Amino acid sequence: MQAQQIMSSPVTTVTRSTPVDECLRIIASSGFTVLPVVDESQHLVGIVSEGDLLREKFATLPRADVTAAETMTSPVVAMTADTDVSDLASAMLRSGLRGIPIVHEHDVIGIVTRRDLLEILTLDDTNIAREVQHRLDVYAGSRRWTVRIADGKVTIAGLALDDPERGVVTALAETVPGVADVQLTQS
């Protein structure tokens with residue numbers, strides 16, 4: 001499984017000049033525990049965590065002009081969308097990070113957090129099948145295709161060999177975390 005299958009996107013980011021108070025408000029309302037810091041070109045330059053922000057806020061009371069630039073960690077550990085989830089987990093464990101930005105070149109395209117990793121550890125075939133079926137139903141209407149799964153291998157029935165939607169159906173299923181393989185059948 002790759003980062004692109006479990007990352008949150010789009011990502012809430014802040015700039016170097018974002019005040020710590022605003023960063024704390026964003027974290028409180030978004031549920032994220034880290035915020036990537038970007039420059040004027042939207043390139044990743046650092047990361048701020050809730051712990052860093054709280055530590056800075058309490059250390060500088062009552063100073064209100066502290067910014068993300070003063071609290072961010074830089075350089076930041078970042079990975080690409082095709083990074084294997086096990087590599088992400090290893091990096092988080094080694095470094096104590098709560099989240100790793102996912103980048104394309106220097107642009108932030110997603111983020112993987114500890115919560116994302118926990119969610120894939122609790123996946124079972126029933127929940128995976130339910131999510132695949134839900135995505136297919138949203139795309140094409142209720143129960144146009146049927147989903148079966150065994151050991152992460154999804155079989156979707158009801159697609160003719162020449163059905164122009166085969167690619168879309170496959171892509172929708174492949175993006176569900178926990179899906180190891182997708183097979184399409186006519187019946």
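**A guided tour of two helix pairs and two sheets**

Begin by selecting helix H5 (residues 85-95) and helix H6 (residues 114-121), whose axes come within 11 Å and cross at roughly 130°. Axes here are lines fitted to C-alpha atoms, for helices over the stretch in contact, and angles run from 0 to 180 degrees between N-to-C directions. Helices (H or I, at least four residues) and strands (E, at least two) are DSSP runs, numbered from the N terminus. The model is a predicted one, in which local features need pLDDT of at least 70 and side-chain atom pairs count only at pLDDT 80 or more, while totals for chains, interfaces and linings use all residues. Residues are numbered from 1 along each chain as its sequence is written, and side-chain values use heavy atoms, with hydrogens and water left out.

**The first helix pair**

H5 and H6 are therefore oblique to each other; angles under 35 degrees count as roughly parallel, over 145 as roughly antiparallel, 65 to 115 as roughly perpendicular and the rest as oblique. Now show the side chains of Val-85, Ala-89 and Met-92 in H5, together with Arg-114, Leu-117 and Ile-120 in H6: these residues make the contact, meaning heavy atoms within 4.5 Å. How many of the residues in the contact of H5 with H6 are nonpolar, polar and charged? There are 5 nonpolar, no polar and 1 charged residues. In this scheme Ala, Val, Leu, Ile, Met, Phe, Trp, Tyr, Cys and Pro count as nonpolar, Asp, Glu, Lys and Arg as charged, and the others, Gly among them, as polar.

**The two domains**

Next, colour domain 1 (3-121) and domain 2 (124-185) separately; these bounds come from an automatic or database domain assignment. The centres of the two domains, taken over C-alpha atoms, are separated by 32 Å.

**The sheet S1-S2-S3**

Select the open sheet of 3 strands in the order S1-S2-S3, whose pairing is mixed. Its edge strands are S1 (14-15) and S3 (44-49), each of which pairs on one side only. Two strands pair if DSSP finds at least two bridges between them. S1 and strand S2 (residues 34-38) pair in the parallel sense over 2 bridges, and Thr-15 stands opposite Val-38 in S2. Add helix H2 (residues 20-30), which lies across S1, S2 and S3 and runs at about 135° to S2.

**The second helix pair**

Move on to helix H7 (residues 125-140) and helix H8 (residues 166-174), which pack at an angle of about 140° with their axes 9 Å apart. H7 and H8 are therefore oblique to each other. Which residues meet here? Val-132, Arg-135, Leu-136 and Tyr-139 in H7 meet Val-168, Val-169, Leu-172 and Ala-173 in H8. This contact of H7 with H8 divides into 7 nonpolar, no polar and 1 charged residues.

**The sheet S6-S7-S8**

Finally, select the open sheet of 3 strands in the order S6-S7-S8, which has mixed pairing. Strand S6 (146-150) and strand S8 (181-185) stand at the edges with a single partner strand each, so one side of each is left without a neighbour in the sheet. From one strand to the next, the twist averages 20°. S6 and strand S7 (residues 153-157) pair in the antiparallel sense over 5 bridges, and Arg-148 has Thr-155 in S7 as its bridge partner. H7 packs on this sheet, touching S6 and S7, and its direction makes about 155° with that of S6. H8 lies across S7 and S8, running at about 145° to S8.
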